[in-house]
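Trainee: I should like to learn how a nonpolar core, a sheet and a set of cysteines are read from a model. May we take them in turn?

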Amino acid sequence: MTITDQAMMAVALDEARAAASCGEVPVGAVVVHDGEVVARAHNLREGLQDPSAHAELLALREAARKLGRWRLTGCTLYVTLEPCAMCAGALVLARIDRLVYGCDDPKAGACGSVIDIVREPKLNHRIEIVRGVLARECGHVLTEFFESRRA
């Protein structure tokens, strides 16, 4: 974990808070290429009524558009919650080099918690993973959101 990892996760946390403020599950994502943020997004499933509008997928789409290519080699994705199977599969297909995430998802995590799509040896691409960056803060945003929904 580097200072840059912490700084970029803080940006992803800002996105997660933006999601919470509009009633979305607070997950935020940031794509970085050559030290520059090329995309940032948060969950928009409710707002778009789209089951695929996860923060990771929205950020990947924006990064591909800005970089003018679908192969996102040389990029790092920062996300506040361990990606699900759909998002982990998209990371492999996009050829992301590195994934940095905040807190584990013991119910749906597909980067080691439940299954491990991003390091599956039968797939053609594997991703370097750094987990637990600002995990406490990322988990707190989620816990606070769900507690407020139950109240």
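Mentor: Please bear in mind that this model is predicted. In soluble globular proteins, nonpolar side chains tend to be buried together. Here the largest nonpolar core has 52 residues, and those with the most contacts inside it are Met9, Val31, Leu60, Leu72, Leu77 and Leu99. Helix 3 (residues 55–67) gives the most to this core, namely seven residues.

Trainee: Which residues is Leu60 in contact with, leaving aside its neighbours within four places in sequence?

Mentor: Leu60 then touches Val31, Leu72, Ala90, Leu91, Ala94 and Ile96.

Trainee: What is the strand order of the open sheet, and which strands stand at the edges?

Mentor: Strands of a sheet pair through backbone hydrogen bonds, either parallel or antiparallel. In this model, five strands form an open sheet in the order 2-1-3-4-5, with mixed pairing. Strand 2 (36–42) and strand 5 (128–131) are at the edges; each has a single partner strand, so one side of each lacks a neighbour in the sheet. From one strand to the next, the twist averages 15 degrees. Strand 4 (residues 98–103) pairs with strand 5 in the parallel sense over four bridges, and Leu99 has Ile129 as its bridge partner in strand 5. Helix 1 (residues 3–21) lies across strands 1 to 5, at about 50 degrees to strand 3 (75–81).

Trainee: How many disulfides does the structure hold, and why is Cys138 not bonded to Cys103?

Mentor: A disulfide is a covalent bond between the sulfur atoms of two cysteines. The structure holds zero disulfides. For Cys87, the nearest cysteine sulfur is that of Cys84, 3.8 Å away; Cys87 is buried, at 0% relative accessible area. The sulfur of Cys138 is too far for a bond because its closest cysteine sulfur, in Cys103, is 5.5 Å away. Cys138 is also buried, at 1% relative accessibility.

Conventions
Residues are numbered from 1 along each chain as its sequence is written. This is a predicted model: local features need pLDDT of at least 70, side-chain atom pairs count only at pLDDT 80 or more; totals for chains, interfaces and linings use all residues. Side-chain values use heavy atoms; hydrogens and water are left out. A nonpolar core is a set of buried Ala, Val, Leu, Ile, Met, Phe, Trp, Tyr and Cys residues joined through side-chain atoms within 4.5 Å. Buried means under 20% relative accessible area, exposed over 50%, partly exposed in between (1.4 Å probe, protein chains only). Helices (H or I, at least four residues) and strands (E, at least two) are DSSP runs, numbered from the N terminus. Contact means heavy atoms within 4.5 Å. A disulfide is a pair of cysteine sulfur atoms within 2.5 Å. Two strands pair if DSSP finds at least two bridges between them. Axes are lines fitted to C-alpha atoms, for helices over the stretch in contact, and angles run from 0 to 180 degrees between N-to-C directions.
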